[in-house]
Amino acid sequence: MRATLYSSHVARDFSDGQLTIDIVREDERRGVSRHDRVHFSVPRDYHVHNDSVAAALLTLLGQTCREVTFNFPISERCAELLTSYYRLANVGPVDAALERRQPGRHLALNFSGGIDSTALYLL
């Protein structure tokens with residue numbers, strides 16, 4: 001199975017306070033394609049590294065796909081880690097000139113509203 005992930009973060013416009021993700025999954029054996037759209041609330045001044053977006057988006061797919069394509073480039077290091085962890089045959093596009101994400105001073109929390117994420121938020 002193959003997936004293409006489109007993230008609105010590439011436009012760098014969060015004036016509506018949302019990050020929109022389009023997920024297109026293609027099952028070539030069955031000749032079926034599925035499109036899903038998800039939204040995340042983000043601050044209007046939100047900024048994010050491509051590697052962070054790629055890592056977060058792969059959690060939505062898990063190990064269901066062998067090939068993953070984004071509408072933005074990722075670093076070589078990110079591609080290596082994602083390929084190894086999710087056992088991917090191909091991930092990209094990869095930009096050899098893109099510096100990998102460096103740790104910052106802020107923590108991002110994917111808040112689902114469940115007990116575990118609420119507890120982490122309160123901590």
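**View 1. The order of helices and strands along the protein chain.** Following the sequence of this predicted model, you run through β-β-β-α-β-α-β-α, where helices (H or I, at least four residues) and strands (E, at least two) are DSSP runs numbered from the N terminus. That makes three helices and five strands. With a radius of gyration of 15 Å, close to the 14 Å from the globule rule for 123 residues, the chain is as compact as a globular protein of that length; the radius is taken over C-alpha atoms, and the rule is 2.2 Å times the number of residues to the power 0.38. Residues are numbered from 1 along each chain as its sequence is written. Local features need pLDDT of at least 70, side-chain atom pairs count only at pLDDT 80 or more, totals for chains, interfaces and linings use all residues, and side-chain values use heavy atoms, leaving out hydrogens and water.

**View 2. The largest nonpolar core.** This set of buried (under 20% relative accessible area, 1.4 Å probe, protein chains only) Ala, Val, Leu, Ile, Met, Phe, Trp, Tyr and Cys residues is joined through side-chain atoms within 4.5 Å. Among its 23 residues, Val68, Phe70, Ile74 and Leu82 touch the most other members. At least two residues each come from strand E1 (2–7), strand E2 (18–27), helix H1 (50–61), strand E4 (67–74) and helix H2 (76–86). H1 chips in the most, with five.

**View 3. Around Leu82.** Setting aside residues up to four places away in sequence, Leu82 touches Ala54, Ala55, Leu58, Phe70, Ile74, Arg87 and Leu88. A contact here means heavy atoms within 4.5 Å.

Technical notes: Buried < 20%, exposed > 50% of the residue type's maximum accessible area, 1.4 Å probe, protein only.
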